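Student: Could we take a close look at one single part of this model? I'd like to go through it slowly.

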Amino acid sequence: MTPSSPPRGTARPAVGRPPWVLVVPAVLGLAFLVLPLAGLLVRAPWATLPERLAEPQVLEALRLSLVTATVATAVCLLLGVPLAWLLARVSFPGRRLVRALVTVPLVLPPVVGGVALLLVLGRRGVAGQWLESAFGVTLPFTTAGVVIAEAFVAMPFLVISVEGALRGADQRFEEAAATLGASRWTVFRRVTLPLVMPGIVAGAVLCWARALGEFGATITFAGNFPGRTQTMPLAVYLALETEPEAAIVLSLVLLAVSVIILASLRDRWVSP
Amino acid sequence: MTLRARLVVDRPAFALDITLEAAAGEVVALLGPNGAGKTTALRALAGLTGLSGGHITLDGRPLHHLAAEQRPIGMVFQDYLLFPHLSALDNVAFGPRCRGASKAAARRVAAELLERVGLAAHAAARPGALSGGQAQRVALARALAVRPRLLLLDEPLAALDAHTRLEVRSQLRRHLAGFGGATVLVTHDPLDAMVLADRLVVIEDGAIVQEGSPADVARRPRTAYVARLVGLNLYQGRAEGHRVKVGELLLTAAERLDGPAFVAFSPAALALYRSRPDGSPRNLWQATVDGIERHGDNVRVHLDGPIAAFADVTPAAVADLDLSPGRPVWAGVKAAETHAYPA
């Protein structure tokens, strides 16, 4: 805001000044969100950054994080989009309950999610026992376990976003497709999916970001084995206890990756 | 008859129950006020709204138990609902693709149809880049591309501005004339119905109140709604010969009949006088001016009295007669312009 009066001819919206009771908390909130990130940048050991980044442990954790978050997002898309469609388009008894259940992992502490996964998919778990005896598959403390933990925590973001997009989409387009002879599967594939694509992409981005940052469920269900289950957030936490500077470097990498990918996707998909 | 249907749809606070027939090549218009059930009837024919009762047969085959995608129909929606992510060509090719045509064959059919509706140059355009009139023609081409036996049009011209409407109406009439199957269209605009349809079916409150050729409906309305649509004064009374008793008033009509009857005359046939005219063989009564409004180039005068009536007079006549609300006048209409028909 400029204290001097605006030059003649420039029209100002006639809504008055934003009230300070809103502006002050807004600025405080912004500072609260941005300052820690700035602190990260200020404290970063810029001089030794290149060699620290080239350390095999860092690269390994980064690779593992990117791969597992991407695979987890793919799993979420494969299962979450049909689930969102079911919730938005098919009325069945208990739909409200199902919708509430889907959002439980959102509010559940991730560690609790990890414990729950262990109880079901662990070696002594209900499904885990069967998986091991029937297929010889064990999930806890494996890379697949990391994917499962991440997908469990991240899927609600995708489902909620896609369901919202489906509810917002004009269902009469689907009716028009039906009058043209399209089966429900064809309608979904050729009409519904393209119409809600921006919602799916936004949901996938959220889901991916959540998976990339996943910590609690991962460390509980998949453990912390470098190269196998040690993702970036785990590496950051571990490094913080032994070598704080390494933790800062790892955090910077995580921050940079998130910002770069979100920004590039935003330009391409999210903004109109 | 190719289409025979009895459509019964029961909803809380609304019930539709109509019987509908349409021959091959015939265009039937469902005409009615908003909320009369026209669109519900059309959606029931398409399979988008379930029937509570009744049946639909097309060429002797029952249709009502088939899902929408299995019915041999084409539908044009009120706001067209062209798929925004597909080009005009792919919108038209969508139906043939769904019904098993190869991509190349479907596109060939679509290109032909776009050519026929004069939009070959816009084949690659997305719906967002088309004008209202163009979108309407793409929607028609898309519906025709599945070679339907029954074509359904929901308010096909309602979304267009007045100028485009005129042009699209005559084009649509030409395309409908070239279509071999039965057509059912829904409209609340009497002009659209008169121009496009071979037969009118008027629906009010979920039931048919009148049906017939456009000329017949226009000349012999049977409800106040239809009379207002076609612009006639309409009364119900009892006829004895040329005389029809409407309330306390005795009107002389051109036709002779006996029993319950409708009497109708045009607002333009109604003449107004300041004092009682002498010696003319007219139906005459004393009325009071209730209201005056502009109506095209003329002025429409609402009259109160033994019968409520509209009279269309010139602005000059309004000045000459010094008409204003509350003013008493004499109203007269010639017997030759007063038409009676059985109720």
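Student: Let's pick β8(B): which residues lie on one side and which on the other, and are they buried or exposed?

Tutor: Happy to, and keep in mind as we go that this is a predicted model. Start with the two faces of β8(B). On one side you find Ala182(B), Val184(B) and Val186(B), and on the other sit Thr183(B), Leu185(B) and Thr187(B). They are all buried, and both faces are covered. That back-and-forth pattern fits a simple rule: side chains in a regular strand alternate between the two faces of the sheet.

Now put the two faces together. The strand runs over residues 182-187 of chain B, and six of its six residues are buried, so the rest of the structure largely encloses it.

Next, who are its partners? Take strand β3, residues 27-31 of chain B: it pairs with β8(B) in the parallel sense, over five bridges. You can spot one opposite pair there, with Val27(B) facing Thr183(B) of β8(B). Then there's strand β7, residues 150-154 of chain B, which also pairs with β8(B) in the parallel sense over five bridges. Here, look for Leu153(B), which stands opposite Leu185(B) in β8(B). Remember those two from β8(B)? Thr183(B) and Leu185(B) were listed on the same side, and both are buried.

Finally, trace how β7(B) and β8(B) belong together with a helix. Along with α5, residues 162-177 of chain B, the two strands make a right-handed β-α-β unit.

Note on methods: Residues are numbered from 1 along each chain as its sequence is written. Chains are lettered from A and ligands numbered from 1 in the order in which they are written. This is a predicted model: local features need pLDDT of at least 70, side-chain atom pairs count only at pLDDT 80 or more; totals for chains, interfaces and linings use all residues. A residue is buried if 20 or more other C-beta atoms lie within 10 Å of its own, exposed if 12 or fewer, and partly exposed in between; C-beta atoms are placed from the backbone. Helices (H or I, at least four residues) and strands (E, at least two) are DSSP runs, numbered from the N terminus. Two strands pair if DSSP finds at least two bridges between them. A crossover is right-handed if, with the strands pointing away from the viewer, the path from the first strand over the helix to the second runs clockwise.
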